[in-house]
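Thanks, everyone; I would like to spend a few minutes on one model, looking at the ligand first and at the open and closed spaces afterwards. Please have the sequence and the structure in view while I talk.

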Amino acid sequence: MIEDSSRQVRVLVVGSGFSGLGAAIRLKEAGEDFVILDKTDDIGGTWAVNTYPGCMCDVPSHLYSFSFALNPHWSRVFSPQPEIWDYLRDCADRFSLRPHIRFGTEVTGAQWDDARQQWQVDTTDGTWTADVLVAGTGALSAPAVPSLPGLDTFEGKVFHSARWDHTHDLTGRRVAVIGTGASAIQFIPEIAPQVKQLTVLQRTPPWVMSRRDREMRPAEQRLYARLPGLQRLLRTAIYWVREVQGIFFLHPRLGRLGSHLSRQHLHRQVADPELRAKLTPNFAFGCKRVLMSNTYYPALARPNVKVETQAIEEVRPEGIATTDGAVHEVDTIIFGTGFHVTDAPIAGLVRGRDGRSLAEHWAGSPQAYLGTAVAGFPNLFLPLGPNTGLGHTSVVLMIESQIGYLMAALAHLRRTGAKTIEPRPEAQATFVRAVDRKMRGTTWVAGGCSSWYLDSTGRNSTLWPGYTFGFRRLLARFDPAAHAISGVAPDPVAGASTVTAPVAAAGTEREEPQSC
Ligand code: NAP
């Protein structure tokens, strides 16, 4: 149990979503001293704050869950947000994590103190010191709202999908939705029957596939509860089906099959050729995230829904003006415009040995060794860091691999008696070069679209350019030679103390990743 006066801890974990909870569970098992900070007042991260109607995951729940905490009770193949949120809260209870969590505590800055070899972490509830910092803040946590001219003059209600205002009843209203990404295509079908008029302002049409969802039968749930091995077998089958689908993204020519299936889906669901034309993407399948819905196209075909493809010129008190001179009069604007991903705020808050922030080091293009640790930032770990996102399967797989690496690094510190560990700059550069090489030719960079996967330099610093088993294999082999450690205890034989202990000469690192 944490004492109120205690502000010093071995490992400080930021965030209580999949990353933070996953790390905490392993830290607890290992008997580490840790605290979790969360800026909100509940567990769940993105699954606590995204409460928009229709919110769900597009990875089957048997796979979108911790491998060590299967849930036999999922109600559907693709579970809705409240159930995923419940699952995370249940994990916190099952692993007795609640006493470790400080809610309502937002990190406002984190600075590495090289003299003390500790992180000094400023929060809205005082300052913490920690030997190790795990920033489980997620890739999709800071909503992006475009700065449209005149937005502040709008006389109606405005909110972002990740900050849904449930007190604002949409019944009978004239609503504009800006954006047609993964969030918007989930809430549009939910609100379309409720509102009087819906104008969907689409900049780029996404590729949409059918969603093979269904309710789980009670008999199935009972079976999984009784025979966890069976559920594990199913999870493994889903895992491999998903991995095979990764091939469509890595080899764009094969993606043509995907675009063919998606076009068929569109043709089946939308009869109007003019609307079909508006909804047909002009970039390669998978270049942007492929979406899944059986209800999105039918919602757009409703008589009270209009798809507007003209660019937005400005917002006026009464609505939205588009570049063709039309004014769409609305009383509510909902932004489904996504998140700050490659410019996430946490990068501006965390400062390394030289006092410069991650954002300053990265200069618009995030990079990390194994997507998880950064040279110059000792004892810092970034679950879902640069180049660890996925376009085809569950990110929980990546998080678990990264937590495995964190635990291996902590074990290495314990074994060697060292105080700090960080990747060597050469190892990081080698890894990033290999990632960039693997990225070449994938649909994400060669597919003819601009997406949130790309950073301000045009580099894809968001996705892992390979299969998850390749990533797992890479992180499972902890390589001391790729790291610099410091603060090693005196060597009793030589009688000298090593301040910085280079375990291997620079330049001996493996050319990674060999197994993407
Ligand atoms: P998103 O995929 O980034 O989509 C943002 C949408 O807003 C795009 O259609 C974008 O158009 C549009 N947009 C952005 N700025 C605009 C502007 N100034 N004017 C007009 N349109 C603008 O965001 P999201 O839908 O919130 O999804 C983000 C990610 O969250 C997803 O890719 C996924 O990884 C995750 N997510 C997953 C699920 C799920 O599992 N089912 C659900 C929700 C979210 P352009 O395409 O032209 O840029």
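**The ligand and its surroundings**

Let me begin with Lys 288, where an N or O atom of the side chain is 2.7 Å from an oxygen atom of the ligand, a polar contact being a pair of N or O atoms within 3.5 Å. Taken alone, the ligand exposes 910 Å², and the protein buries 84% of that, with accessible areas from the Shrake-Rupley method and a 1.4 Å probe.

Before going on, I should say that this is a predicted model, in which local features need pLDDT of at least 70 and side-chain atom pairs count only at pLDDT 80 or more, while totals for chains, interfaces and linings use all residues. Residues are numbered from 1 along each chain as its sequence is written, and side-chain values use heavy atoms, with hydrogens and water left out.

Gln 186 places a polar side-chain atom 2.8 Å from a nitrogen atom of the ligand, whereas Gly 338 has a polar backbone atom 3.4 Å from a ligand oxygen atom. In total 22 residues surround the ligand, the closest being Ala 182, Ser 183, Gln 186, Thr 204 and Lys 288, where a residue counts if one of its heavy atoms lies within 4 Å.

Where does the ligand lie with respect to domain 1 and domain 2? Domain 1 (8-142 + 340-500) and domain 2 (151-206 + 246-335) both give residues to the shell, so the ligand lies between them; the domain bounds come from an automatic or database assignment.

Turning to the spaces, the second largest pocket has a volume of about 850 Å³. On a 1 Å grid over the protein atoms alone, a pocket is an open set of points with protein on both sides within 12 Å along at least five of seven lines, a cavity is a set where a 1.4 Å probe fits but cannot get out, and lining residues have an atom within 4 Å of a point.

This pocket is lined by 36 residues, and those closest to its centre are Ser 210, Arg 212, Arg 242, Gln 245 and Met 292. Both domains contribute to its lining, so this second largest pocket also lies between them.

Finally, the search of the whole structure finds one cavity of 30 Å³ or more, with a volume of about 30 Å³. Its lining consists of Asp 58, Ala 182, Ile 185, Gln 186, Arg 211, Leu 291 and Met 292.

Notes. Grid points are joined across faces, edges and corners, and a volume is the space filled by probe spheres set on the points. A polar contact is a pair of N or O atoms within 3.5 Å; within protein, one must be able to donate a hydrogen and the other to accept it, and residues adjacent in sequence count only if both atoms are side-chain atoms.
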